Amino acid sequence: MNAQTTIRKILFITVWLCIGGGMFTLLLAAISKKNKGLCKDYHIAIKGAYNNFFIDKKDVEQLLMNTTKGNIKGRPVASFNLHELEQMLEQNTWIEEAELYFDNQDILHVTVIEKEPVARIFTTEGNSFYMDSLGRKMPLSDKLSARVPVFTNFPDKKRMSGMDSVLLNDVRVTANFIVNQPFWMSQVAQIDITAERKFEMVPVIGNHLVKLGDGENIAQKFNRLLLFYRQVLSKTGFDKYKVIDVQYKGQVVASNYAGDAKVDTAQLRKNVEKLLQQSRDAQNDTVMRAMPVTGKYTLEVDSASAPVTDLPIINNINPEKHNNPNPRLSISSPPVPLRDGGGQAVKPKPKQMEKKKPKAVMPKKPAEDANGGYN
């Protein structure tokens, strides 16, 4: 039994050694054949998120020929350094990623993923460049003009400061949101950068300016603006207000004045008091109403906490409690003291308590005399 077991083990090992040797021989033959083989053909595929195609197949072909210093087709497969070719292609301004490989038919496959701009930026000096989704600067293309959000008045500096980097990141965040929203891609004409490094959006439809602030919580700001479009401007018209401010959390502030025009304090007081009175009168009204004011009014709404499809009712609130544009204005005034003819303050006399008369008086019972009768 021991001898038979040993023979079986030897046969088993021998069989596996033969199989392994055969596979190794075939592998060496395949490698030798591939090294001696020639590139029969090549296929180039370009992919882009928005199909802009700032680089075409001829550009990729030319880059490969410059690196290989000759034709691609007909060259020995062993002469291609695929890793080096991939790195060369990825150094191009418009190429994000490249992948090269040979199939078993000695055909070279080249796949290129193109960089996609998300914004076009105009500087204060009139220069212009693209920016990709990661915030990297990209030059303009002679072949195609990308349809992306436009930002103006960006600082034109050779070396950006820390504040410039923060501003560029705000542009990146805002642009990435807009390009992924078909409605805002159609509605946003351009976004201007103010001297305070805030964003002001110029719409395609409507004669108004939208103040967005910085790039923080930009999705919530656009959601509040969309809510205001649906519930207010869809009824009043898109030219009703000159300025719409959505930069404050949980509210939309609309103004009839363009810019920062001064508002008469007395008139604004009357308008706010009128607004509050209208709000009190409409407390039991379940239909949303926007209360227009000559100065400014505030609508309390926070679409960041509720989806846009589930539209809440907008209630008017006291502007003083939520970033009042005129914080010095007080709704309630102190009582005016009474004065006599000499100008001296007179304290009002307290009202004397009046004796309350009973509503009904019962007649007195007559007194009984000594004889049992009544007087």
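Which residue in β3 does Lys 47 stand opposite? I looked this up before anything else, and the residue is Ile 113. The model I consulted is a predicted one.

**Entry: overall counts**

I counted 7 helices and 14 strands in the chain. Of its 375 residues, 34% count as buried. I then took the contacts between residues at least 6 apart in sequence, and 55% of them join residues at least 24 apart. The chain exposes about 24,600 Å², and carbon and sulfur atoms supply 54% of that area.

**Entry: the sheet with β1, β2 and β3**

I returned to the surroundings of Lys 47. An open sheet of 3 strands has the order β1-β3-β2, and its pairing is mixed. I noted β1 (41-47) and β2 as the edge strands, each pairing on one side only. Neighbouring strands of this sheet are turned against each other by 15 degrees on average, with direction ignored. For β1 and β3, I found parallel pairing over 7 bridges.

I next recorded the helices against this sheet. Helix α2 (residues 57-68) packs on it and touches β1, β2 and β3. The direction of α2 makes about 125 degrees with that of β1. Helix α3 (residues 82-90) lies across β2 and β3 and runs at about 160 degrees to β2.

**Entry: Val 112**

Is Val 112 buried or exposed? I located Val 112 in strand β3 (residues 107-114). Its relative accessibility is 0%, so Val 112 counts as buried. Leaving aside neighbours within four places in sequence, I listed its contacts as Ala 45, Ile 46, Lys 47, Val 60, Leu 89, Ile 95 and Glu 97. I also checked Val 112 against Ile 44: they are 68 residues apart in sequence, while their C-alpha atoms are 7.7 Å apart in space.

**Entry: salt bridges**

How many salt bridges does a search of the whole structure find? I obtained 5. Side chains of opposite charge can pair when their charged atoms come close.

I examined the salt bridge between the side chains of Glu 96 and Arg 136, with an N to O distance of 2.8 Å. Glu 96 lies in strand β2 (residues 95-102) and Arg 136 in the loop between β5 (128-132) and β6 (137-138), so this pair ties together parts that are 40 residues apart in sequence. Glu 96 is partly exposed at 36% relative accessibility, and Arg 136 is partly exposed at 33%.

I then turned to Arg 197 and Asp 164, which form a salt bridge with their closest N and O atoms 3.0 Å apart. Because Arg 197 lies in the loop between β8 (188-193) and β9 (199-203) and Asp 164 in helix α4 (residues 162-179), the pair ties together parts 33 residues apart in sequence. Asp 164 is buried at 0% relative accessibility, whereas Arg 197 is partly exposed at 23%.

Lys 221 and Asp 214 form a further salt bridge, with the closest N and O atoms 3.3 Å apart. I noted Lys 221 as buried, at 5% relative accessibility, and Asp 214 as partly exposed, at 24%. Finally, I found that salt bridges sharing partners join Glu 96, Asp 132 and Arg 136 into one network.

**Entry: β8, β9 and β10**

I followed Arg 197 into the hairpin of β8 and β9, which has 5 residues between the strands. In its turn, Arg 197 has a positive phi of about 65 degrees. The two strands pair in the antiparallel sense over 5 bridges, and Met 201 in β9 is the bridge partner of Ile 191.

Strand β10 (residues 209-213) runs antiparallel to β9 and is joined to it by 3 bridges. Here Met 201 stands opposite Val 210. The hairpin of β9 and β10 has 5 residues between the strands, and I recorded a positive phi near 110 degrees for Gly 206 in it.

Which residues make up the covered face of β9? I listed Phe 199, Met 201 and Pro 203 there, with Glu 200 and Val 202 on the uncovered face.

**Entry: a surface patch**

I last looked up a nonpolar patch on the surface, formed by Phe 12, Ile 13, Val 15, Trp 16, Leu 17, Ile 19 and Met 23. Together these residues have about 780 Å² of accessible area. I placed Ile 19 in helix α1 (residues 2-36). Ile 19 is partly exposed, with a relative accessible area of 38%.

How values were computed. Residues are numbered from 1 along each chain as its sequence is written. This is a predicted model: local features need pLDDT of at least 70, side-chain atom pairs count only at pLDDT 80 or more; totals for chains, interfaces and linings use all residues. Side-chain values use heavy atoms; hydrogens and water are left out. Patches are made of residues with over 30% relative accessible area and no salt bridge: like charges are joined within 9 Å, nonpolar side chains (Val, Leu, Ile, Met, Phe, Trp, Tyr) within 5 Å. Accessible areas come from the Shrake-Rupley method with a 1.4 Å probe; for residues, only the protein chains shown count as cover. A salt bridge is a side-chain nitrogen of Lys or Arg within 4 Å of a carboxyl oxygen of Asp or Glu. Helices (H or I, at least four residues) and strands (E, at least two) are DSSP runs, numbered from the N terminus. Buried means under 20% relative accessible area, exposed over 50%, partly exposed in between (1.4 Å probe, protein chains only). Contact means heavy atoms within 4.5 Å. Two strands pair if DSSP finds at least two bridges between them. Axes are lines fitted to C-alpha atoms, for helices over the stretch in contact, and angles run from 0 to 180 degrees between N-to-C directions.
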